[in-house]
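Subject: Structure handover

Hello,

Here is the structure for you to take over. My notes on it follow below.

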Amino acid sequence: MAHSILITDPLDGARDHEPVVFTVKAELGEPLWWARDDAGNKVLCQRLERDIVVGESRFVACISFIGSCRLTLEAPCDAASEMPAGIAQLEGREADCFVRLDTGAFDLELCSGTAEGLGSSKWGIRHFKALSDGVELLPSGNNAIGGFYGPFFTPENGLINPPEHTTVRIETLEQGPVLHHYRMHGVIPDGLLEELKGKHFAIDWMFTYGTPFFQRRYVVDPFQTVINGRSVTDKITVGDEFEAARANWSSTVSRPLAARATGRAIPMRATSSTWSPTPWPIRQTRARSSRNSVPTCRTSNPPTGTSTGGCSAPGRACSARPNCASGWRRCAPALMRRPISATGHGSLRTSPSTSPPSPRNHLPGAR
């Protein structure tokens, strides 16, 4: 029996290898299936192994379309004989490399960290290159994308080593040609403030085939403290750090790019979190061949990808004070994304009832 899924997009514009999660009312045992879109093209679908529901099967597929698209799930895919295109694993370059991936859009290396207090000992993405232009943002591996700092790495807390200067345990949640989903588990180093001691964190990283962005989500134990005279409750500062672009742009001398964003931490134990691979609202972020890739107004990017996109209101001063979600939306309303909906014999699921709500973004300046 063929299963039909209608996918509709509430936003204008084209979707480029958009990861879509859908559910069919049948228990399908094969890990890979072929679907066919409206134009008759074959689309590879990967069955998800997490959060299994009796009588149902969940799949993820990367689809390019405008407006709407109907998928018809037809038959299993024999990966051994058909060898479908998908995410490939490469040999890592760093000693603490957990996995290096060719996603079809990026060549990236995810590391677990060595806690030696150096830039080259951080956990996170320590090599990142867009295959479209070949520009490596971290050529030496002496920095990382993904670390978070405030309120833990602050003068009030003694400027003790930030969370990124520890080691993490990385768990593989999904691994296939369409989706790789990893979860980091770590403990934040204790500082001077008692209320910030013994905090755990977890970070989900999701990479999908051909998609020009990736997704991530931070979950931190609940906390409340005062930093610089202001109350801070379950908020963290995420920092994506890149190396200088001198080796990539010979026509200019560039300083290192450093993007910062803030997000609300989920008030739950990081070790017990469950999560859908496609949270909403979400901001896509893309790697571009632009020297001026940091937003030009006083806004930041949500902690859901690599900070290389531009602000939708360049040159305009943001009237909102930092850490104000509504101010970020006023300054860059076009960057907010809404969920794609699906109807038919299958349904799109972006937030199962067993999952916690997506964190709210509190943004002043890496789907």
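How many salt bridges does a search of the whole structure find? The count is 16. Please keep in mind that this is a predicted model.

Salt bridges

One of the pairs is E109 with R93, whose side chains meet at 3.4 Å, N to O. E109 sits in strand 9 (residues 106–111), while R93 belongs to the loop between strand 7 (88–90) and strand 8 (97–102), so this salt bridge ties together parts that are 16 residues apart in sequence. The two ends have these accessibilities: E109 is buried, at 0% relative accessibility, and R93 is partly exposed, at 40%.

R47 and E49 also form a salt bridge, with 2.8 Å from N to O. Here R47 is buried, with a relative accessible area of 16%, whereas E49 is partly exposed at 38%.

For K197 and E194, the N to O distance in the salt bridge is 2.8 Å. K197 is partly exposed, its relative accessible area being 31%, and E194 is exposed, with 58%.

There is also a network of salt bridges, which links D9, R15 and E18.

Cysteines

How many disulfides are there in the whole structure? The search finds zero. Why is C62 not bonded to C45? C45 has the cysteine sulfur closest to that of C62, but the two sulfurs are 9.6 Å apart, which is too far for a bond; the cut-off for a disulfide is 2.5 Å. C77 is likewise in no disulfide, and its nearest cysteine sulfur, which is that of C45, lies 9.9 Å away. Both residues fall under the 20% limit for relative accessible area, and so count as buried: C62 has 16% relative accessibility, and C77 has a relative accessible area of 9%.

Sheet

An open sheet is built from four strands in the order 12-13-14-15, and the pairing is antiparallel. Which strands form the edges? They are strand 12 (169–175) and strand 15 (215–220), each of which pairs on one side only. From one strand to the next, the twist averages 15°.

Strand 12 runs antiparallel to strand 13 (residues 179–187), and six bridges join the two. In one bridge, I170 has M184 of strand 13 as its partner.

Regards

How values were computed. Residues are numbered from 1 along each chain as its sequence is written. This is a predicted model: local features need pLDDT of at least 70, side-chain atom pairs count only at pLDDT 80 or more; totals for chains, interfaces and linings use all residues. Side-chain values use heavy atoms; hydrogens and water are left out. Buried means under 20% relative accessible area, exposed over 50%, partly exposed in between (1.4 Å probe, protein chains only). Two strands pair if DSSP finds at least two bridges between them. Axes are lines fitted to C-alpha atoms, for helices over the stretch in contact, and angles run from 0 to 180 degrees between N-to-C directions. A salt bridge is a side-chain nitrogen of Lys or Arg within 4 Å of a carboxyl oxygen of Asp or Glu.
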